[in-house]
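Visitor: I should like to learn how to read a protein model. May we go through one together?

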Amino acid sequence: MRRTSPVVLAATVAIGVGAGFVLDQALTGSGRPTFTPSIMLPVLYVMLGAAVVAAALPIRRAVRGGAVRVDPFRALRIAMLAQASSLVGAFTGGMGVGLLLFLLTRPVPPSLGSTGAVIAAVVGAVVLVVAGIVAEQLCTIRKDDDDDQPGPPEPDATPSHH
C-alpha cells in the first residue's frame, strides 16, 4: 500500500471545491437556500480523527518496542482507515471552501451563522486530514533487511499441481 500522496490530496480538495460551489449554485438557481453544514460536523471530524490516531498508536508502540508481534492485516486496515479519513477530510474540506467561495461571491453578504458553520466544518476537515496522515505514519512498519533484495523462493511457496 502506498502512502497518501499530496498530489492526490490536492486533487481531492480541488474536486471538493468545485462540488461545493456547484452545489450551492444549483440550490440557489432552483430557489432553495444555500447548503449550511450542521455545527456537529466539525465535532464529528475531530472525534473521528482522534479515534483513527488512537487506533494507530498500538501499532506504533508494537513496531517501536519490537517485543509484540504486529498483525500486518490489522496494521493495513488501520492504515487504510487513516488514508480514507484523510481523503474524506480533503474532499469535504474542499467542499466547505467551495461553499464559502460561493457565499462570499454573492452580492448579498452572508449571515454570520452560515459562514461560521462552513468555516468550522473546514477546520474540522483539516483536523481529520492531519489526523489521517499522522495515523498513516504511525502504522508504517519498518522494512526488513531482506525487503530490498528478495531471496530465493521458499520451498512451500510454489503452487502444487496435484
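**Reading the model**

Guide: Contacts, meaning heavy atoms within 4.5 Å, are a good place to begin: of those in the protein with a separation of 6 or more, 81% are between residues 24 or more positions apart. This is a predicted model, in which local features need pLDDT of at least 70 and side-chain atom pairs count only at pLDDT 80 or more, while totals for chains, interfaces and linings use all residues. Residues are numbered from 1 along each chain as its sequence is written, and side-chain values use heavy atoms, with hydrogens and water left out.

Visitor: Which pattern does the protein follow along the sequence?

Guide: Helices (H or I, at least four residues) and strands (E, at least two) are DSSP runs, numbered from the N terminus. Here the pattern is α-α-α-α, with four helices and zero strands.

Visitor: At what angle do the axes of α2 and α4 cross?

Guide: Axes are lines fitted to C-alpha atoms, for helices over the stretch in contact, and angles run from 0 to 180 degrees between N-to-C directions. The axes of α2 and α4 (residues 112–138) cross at roughly 10° and come within 8 Å. Therefore α2 is roughly parallel to α4 (angles under 35 degrees). Among the residues making this contact are L41 and P42 of α2 and A120 and A121 of α4.

Visitor: Is R77 buried or exposed?

Guide: Buried means under 20% relative accessible area, exposed over 50%, and partly exposed in between (1.4 Å probe, protein chains only). R77 lies in helix α3 (residues 72–104) and is exposed because its relative accessibility is 56%.

Key: Angles under 35 degrees count as roughly parallel, over 145 as roughly antiparallel, 65 to 115 as roughly perpendicular and the rest as oblique.
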